[in-house]
Amino acid sequence: MNSTQNSSEHQIIFTRYPEPGKTKTRLIPALGSERAAELHRHLAEHTLAQVKQLANNRSLTTEIRFTGSTPAQMQTWLGTEIIYQTQGEGDLGERMARAFQEAFTTGSQRVVIIGTDCPSIDPPLLATAFDELHRHDLVLGPAEDGGYYLIGLSRFIPDLFAGITWGTSSVLQQTLTIANQLQLSYSLLPQRADIDRPEDLALLDERFANFKQLTPKISIIVPVLNETGTLEKTLRTAQLSAQVEIIVADGGSEDGTDDLARSMGVKVIYPPVGRAAQMNAGAAIATGDILLFLHGDTQLPEGFDKVITETLSNSDVIAGAFELRIDGEHRGLRFIETGVNWRSRWFGMPYGDQAIFMPAQVFKRVGGFPEMAIMEDFEMMRRLRRLGKINIVAMPVLTSGRRWQKLGVVKTTLINQLVIMSYFLGVAPTRLARWYRRQQKS
């Protein structure tokens, strides 16, 4: 609803419609897209409640500048007694400058903009901001991350929003530098924390207790084929976290692998044979926010769930994997581990035995594993690298050394490298897979 402002004091709230997957994206690894959107909805409603409480005791108009929705949807969500405007185009500075300019143009004398990420904003704090604007050109609420949770002006000053590197820890300092250059008088409110990252969830009070210190649900998908010798240890380590579901995708085992998995309380499915097809089938029924693809002979380290959550909380990271440790005493295995970990870290190319993980929405975005006879993990990494950074956790998984023990360290390494080079040279994966299996049996 658009209405004419009739107060000299005007409060603007910047927010967006709580659509899952597009709201609070940095919290999705910790909460999942649905709960991240739900938290945003609670924070926005809480912020608006504080503003309404202030307006009960002060002549104040309220406006919401929004993205990701229509005015009708916003009215359905937050009510019809508020002014609604889209934020429009441009970076955050351009959008805030436009909001200030329009507010002053329509007669406001003191204007304050806040977001909805700071749950500790309350009526006394907002009242202080407006009071300070009787004496100052500018009021700022410093955020702990180096930005600000509130900005208020007693007149339009467009230079305050030019040349700022938004989204960085230097936003507040850059703004103060400009203010000093313009010889503005300003006031700083108490520093407060925004809720932007998984580690910030611990700062929520009892009003948001349902969201505090949550860990995401991780779906662990284990493709297997005759793995009774190693699977029990693999599943035991995976069950160390309470926030996981484990799906064993059996490609037709004849040694009781599926019975073993079921006896350990694990869901078992029977997709078509082929590691890529098995992993895709497991992912299709997974309910977790994060997918972890684990070989049947690989053991996860203690605390893997926390490390995965922390890794994916970095907005630059699209996926990850662990360093590799091979079970065995042969000195040559240590050279292989060093080479694998170096390659993975420098080129962002981990392989399947390093327990690859990613948000479920990323997996869907890349279309799952390409259903190739071999090298499906290699091709998946190539796809993921186009979307963002692949981080290698400085903590190893322990994979069985049986391949190296069977054929020898040198021969196994040569076979692996020949497969990779042949793939690069265009040899068909089906042909490579047949050759690889013959070498494993020789």
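A residue counts as buried when its relative accessible area is under 20%, and as exposed when that area is over 50%; in between it is partly exposed. Keep this in mind during the tour, which goes through a predicted model.

**Stop 1: threonine 311**

Select helix α10, residues 304–312, and find threonine 311 in it. Is threonine 311 buried or exposed? Its relative accessibility is 11%, so it counts as buried. Now show what surrounds it. Leaving aside neighbours within four places in sequence, threonine 311 is in contact with Val317, Phe357, Asn391 and Val393.

**Stop 2: strand β11**

Select β11, residues 290–293. In a regular strand the side chains alternate between the two faces of the sheet. Turn on the side chains here: Ile290 and Leu292 point one way, while Leu291 and Phe293 point the other way. All four are buried.

Next, add the strands that pair with β11. Strand β8 pairs with β11 in the parallel sense, over 4 bridges. One residue to pick out is isoleucine 218, whose bridge partner in β11 is isoleucine 290. Strand β14, residues 356–359, also pairs with β11, over 4 bridges, but in the antiparallel sense. Here phenylalanine 293 stands opposite isoleucine 356 of β14.

**Stop 3: helix α9**

Select residues 275–285, which make up helix α9. Which residues of α9 are buried? They are Ala276, Ala277, Gln278, Met279, Asn280, Gly282 and Ala283. Colour them, then show their surroundings: these buried residues pack against the strands β8, β9 (244–250), β10 (267–269) and β11, and against the helices α12 (360–365) and α13 (376–385).

**Stop 4: the seven-stranded sheet**

Move to an open sheet of 7 strands with mixed pairing. Follow the strands across it in the order β3-β2-β1-β4-β6-β5-β7. The edges are β3, residues 83–86, and β7, residues 186–188; each of these pairs on one side only. From one strand to the next, the twist averages 20 degrees.

Select β1 and β4 (residues 110–114) together: they run parallel and are joined by 5 bridges. Isoleucine 13 has isoleucine 114 of β4 as its bridge partner. Now add helix α2, residues 33–55, which packs on the sheet and touches β1, β2 (61–67) and β4. The direction of α2 makes about 175 degrees with that of β1.

**Stop 5: phenylalanine 130**

Select phenylalanine 130, which lies in helix α5, residues 123–132. With a relative accessibility of 0%, phenylalanine 130 counts as buried. What does phenylalanine 130 touch, apart from residues up to four places away in sequence? The list is Glu9, His10, Gln11, Leu54, Arg58, Leu60, Arg110 and Val112. To get a sense of distance, draw a line from the C-alpha of phenylalanine 130 to that of arginine 343: these residues are 56 Å apart in space and 213 residues apart in sequence.

**Stop 6: aromatic pairs**

There are 10 aromatic pairs in the structure. One of them is formed by tyrosine 17 and tryptophan 77, with 5.9 Å centre to centre and 85 degrees between the planes, an edge-to-face arrangement. Tyrosine 17 sits in the loop between β1 and α1 (28–31), and tryptophan 77 sits in helix α3 (residues 71–78), so the pair ties together parts that are 60 residues apart in sequence. Tyrosine 17 is partly exposed, at a relative accessible area of 25%, whereas tryptophan 77 is buried, at 16%.

Then select phenylalanine 100 and phenylalanine 104. Their ring centres are 6.4 Å apart and their planes meet at 15 degrees, so this pair is stacked; planes under 30 degrees apart count that way. Both residues are in helix α4, residues 92–105, and because they are 4 residues apart, about one helical turn separates them. Phenylalanine 100 and phenylalanine 104 are both buried. Add Phe161 to see one aromatic cluster of Phe100, Phe104 and Phe161.

**Stop 7: the second largest pocket**

End at the second largest pocket, which has a volume of about 1,200 Å³. It is lined by 35 residues, and the closest to its centre are Arg26, Leu92, Asp117, Asp194 and Asp196. The elements giving two or more residues to this lining are β1, α4, β4 and β6 (148–153). Which element gives the most to the lining? Strand β6 does, with 4 residues.

Conventions: Residues numbered from 1 in each chain as written. Predicted model: local features only at pLDDT ≥ 70, side-chain atom pairs only at ≥ 80, totals over all residues. Heavy atoms only, no water. Phe/Tyr/Trp six-rings, centres within 6.5 Å; stacked < 30°, edge-to-face > 60°. Buried < 20%, exposed > 50% of the residue type's maximum accessible area, 1.4 Å probe, protein only. Pairing = 2+ DSSP bridges. Axes fitted to C-alpha atoms, helices over the stretch in contact; angles between N-to-C directions. Contact = heavy atoms within 4.5 Å. 1 Å grid on protein atoms, 1.4 Å probe; cavity = no way out; pocket = protein on both sides within 12 Å on 5 of 7 lines; lining within 4 Å. Points joined across faces, edges and corners; volume = space filled by probe spheres on them.
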